[in-house]
Amino acid sequence: MLLRGSGEFELQGVMDTSIDSGVEHGPLLGQLVDATISRRWDDVAEFREQCVRTLGVQETVDAIAVASAFNGITRIADATGIPLDSGPAEATESMRSELAIDDFSYNEKTRKYDRVDA
C-alpha cells in the first residue's frame with residue numbers, strides 16, 4: 001500500500017513482527033510498541049534508549065508522539081461514536097479486511113493486557 005508518497009509498505013508487518021514491514025528500523029519500533037502495550041516498563045526504557053542511539057533523540061520523540069496521537073484520536077472518535085466517512089471507508093476496505101481492523105475490540109485489548117481502564 002502506498003502511504004501518500006511515503007513508499008511501499010507491507011502492512012501485515014504491523015500485526016506480525018516476523019514480517020518486514022519495509023519501515024526503516026521497524027522491528028525496533030515494534031519492540032518499543034509491544035513493550036509499551038504490555039506495560040513492561042524496563043523493556044520500554046531499554047528499547048527507547050536503543051531507538052535514541054539508532055534513530056536519534058528527535059526521531060524517537062517523533063515516533064512516540066505520532067503513535068500516542070493516533071491512539072488518542074482513535075479513542076476519541078470511538079468514544080464519541082464518530083463513524084468512518086464513506087470515502088476513507090471505501091479506500092481502506094481491503095486494508096481493514098487484511099489486517100482485521102474491523103474486528104478490533106477494546107474489551108479484548110483490556111482483557112489481553114490486563115488493564116482496568118479501557
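The questions and answers below go through a predicted model and the grounds for some of the labels given to its residues.

Me: How do you know that the span of helix α2 agrees with its number of residues?
Reply: Helix α2 runs over residues 26-37, which is twelve residues, and at 1.5 Å a residue, counted for one less than that number, the expected span is 16 Å; the C-alpha atoms at its ends are 16 Å apart, so the two values agree.

Me: Which residues of α2 are buried, and what do they pack against?
Reply: The buried residues of α2 are G26, L28, L29, G30, L32 and A35, and they pack against two other helices, α3 (41-55) and α4 (57-80).

Me: What follows α2, and what is the sign of its phi?
Reply: R39 follows α2, and the phi of R39 is positive, near 60°.

Me: What makes the pair R40 and D43 a salt bridge?
Reply: The rule asks for a side-chain nitrogen of Lys or Arg within 4 Å of a carboxyl oxygen of Asp or Glu; the side chains of R40 and D43 meet at 2.6 Å, N to O, and the pair therefore satisfies the rule.

Me: Why are R40 and D43 called partly exposed?
Reply: Partly exposed covers relative accessible areas between the 20% and 50% limits; R40 has 35% and is therefore partly exposed, and D43, at 26%, also counts as partly exposed.

Me: What makes E49 and R48 a salt bridge, and how many salt bridges does the rule give?
Reply: The side chains of E49 and R48 meet at 3.9 Å, N to O, and because the limit is 4 Å, this pair counts as well. By this rule the count comes to two salt bridges. As for exposure, E49 is partly exposed at 38% relative accessibility, and R48 is partly exposed at 33%.

Me: Why is R96 called buried, and which residues does it touch?
Reply: R96 lies in helix α6 (residues 93-99), and its relative accessibility is 14%; buried means under 20%, so R96 counts as buried. Leaving aside residues up to four places away in sequence, R96 touches L84, A89, I101 and D102.

Me: How do you know that S21, in the loop between α1 and α2, is buried?
Reply: S21 is found in the loop between α1 (12-15) and α2, and its relative accessible area is 12%, which is under the 20% limit, so S21 is buried. Not counting residues up to four places away in sequence, S21 touches F9, E10 and G13.

Notes:
Residues numbered from 1 in each chain as written. Predicted model: local features only at pLDDT ≥ 70, side-chain atom pairs only at ≥ 80, totals over all residues. Heavy atoms only, no water. Helix = DSSP H or I, 4+ residues; strand = E, 2+ residues; numbered from the N terminus. Buried < 20%, exposed > 50% of the residue type's maximum accessible area, 1.4 Å probe, protein only. Contact = heavy atoms within 4.5 Å.
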